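Biologist: Before we use words such as buried or antiparallel, I would like to hear how each of them is earned. Could we go through them one at a time?

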Amino acid sequence: MEYYNYIKSLHLIFVITWFAGLFYIVRLFVYHAEAKEKPEPEQSILIKQYQLMQYRLWYIITWPSAILASIFAFWLLHLMPQWLSQDWMLVKLGFVVLLYAYHAKCHLIFKQLQKNEVKQSSNFFRLWNEGATIILFATVFLVILKNAINWIYGVVGIVLFSVLIMLGFQFYKKIRNKNK
């Protein structure tokens, strides 16, 4: 099993690039929603550019990273099947299912935005971006602590932090609107 650490490293690399893609795609969703409110020709120019950036990010980085992270994860589970009998791993796999659900919802939004159908606000997307953050925190705490209970403290912390960020965003938005 000398190659175990290589498989683990590759899994981690692709998990990182998968999350990077998820974080950035939602940021592009924010910009796309805001561009929809711009006057022409600025709107058309920005939306065309954001659609191209979204397309490349989604199909060249995010999807391949998700697939490769999963392949290496299955390989690790094949090498270490005893993990499947540990509570922390079962909870982690639950978060992985949530991550795939989040990814699938991002894919639906991506498809809508590729048709320039903006159904959510930029504020929705800012809040939506916190979903991946919460999943990331929960998963990292689970893997590091290998405890099915203690990860809750980390998730509660990130949720509170997210609430503070959103309150800060709302405060900034009020100031920005006041200065217009």
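Modeller: Let us begin with a definition: a residue is called buried when its relative accessible area is under 20%, exposed when it is over 50%, and partly exposed in between. This is a predicted model, and of the 180 residues of the protein, 37% count as buried by that rule.

Biologist: What is the pattern of the protein, read along the sequence?

Modeller: Read in that direction, the pattern is α-α-α-α-α, since the protein has five helices and zero strands. The C-alpha trace spans about 60 × 35 × 20 Å along its principal axes.

Biologist: Why are helix 1 and helix 2 called roughly antiparallel?

Modeller: The axes of helix 1 (residues 4-35) and helix 2 (residues 42-79) cross at roughly 155 degrees and come within 7 Å. An angle over 145 degrees counts as roughly antiparallel, and therefore helix 1 and helix 2 are given that name. Their crossing is left-handed, and the contact of helix 1 with helix 2 has 28 nonpolar, nine polar and one charged residues.

Biologist: What is unusual to look for in the loop between helix 1 and helix 2, where P41 has its place?

Modeller: The peptide bond from E40 to P41 is cis, with omega near 0 degrees. As a general rule, most peptide bonds are trans.

Biologist: How do you know that R126 and E34 meet in a salt bridge?

Modeller: The test asks for a side-chain nitrogen of Lys or Arg within 4 Å of a carboxyl oxygen of Asp or Glu, and for the side chains of R126 and E34 the N to O value is 2.7 Å, so the pair passes by that definition. R126 lies in helix 4 and E34 in helix 1, so this pair ties together parts that are 92 residues apart in sequence.

Biologist: Are R126 and E34 buried or partly exposed?

Modeller: R126 has a relative accessibility of 14%, so it counts as buried, because the limit for that word is under 20%. E34, with a relative accessible area of 25%, is partly exposed.

Biologist: How many salt bridges does a search of the whole structure find?

Modeller: The search finds two. Besides the pair of R126 and E34, E117 forms a salt bridge with K119, where the closest N and O atoms are 4.0 Å apart. E117 is partly exposed at 30% relative accessible area, whereas K119, at 59%, is exposed.

Biologist: What makes N129 a buried residue?

Modeller: N129 has a relative accessible area of 15%, and because this value is under the 20% limit, N129 is called buried. The place of N129 is in helix 4 (residues 122-145), and, leaving aside its neighbours within four places in sequence, N129 is in contact with L22, F23, V26 and Y102.

Biologist: What is the phi of N116, which is not a glycine?

Modeller: N116 has a positive phi of about 60 degrees. For comparison, most residues other than glycine have a negative phi. N116 is found in the loop between helix 3 (87-114) and helix 4, and its relative accessibility of 23% makes it partly exposed.

Biologist: What share of the contacts between residues at least 6 apart in sequence join residues at least 24 apart?

Modeller: Among those contacts in the protein, 77% join residues at least 24 apart.

Notes: Residues are numbered from 1 along each chain as its sequence is written. This is a predicted model: local features need pLDDT of at least 70, side-chain atom pairs count only at pLDDT 80 or more; totals for chains, interfaces and linings use all residues. Side-chain values use heavy atoms; hydrogens and water are left out. Helices (H or I, at least four residues) and strands (E, at least two) are DSSP runs, numbered from the N terminus. Buried means under 20% relative accessible area, exposed over 50%, partly exposed in between (1.4 Å probe, protein chains only). Contact means heavy atoms within 4.5 Å. Axes are lines fitted to C-alpha atoms, for helices over the stretch in contact, and angles run from 0 to 180 degrees between N-to-C directions. Angles under 35 degrees count as roughly parallel, over 145 as roughly antiparallel, 65 to 115 as roughly perpendicular and the rest as oblique. A crossing is left-handed if the near helix is turned anticlockwise from the far one by less than a right angle, and right-handed if clockwise. Ala, Val, Leu, Ile, Met, Phe, Trp, Tyr, Cys and Pro count as nonpolar, Asp, Glu, Lys and Arg as charged, and the others, Gly among them, as polar.
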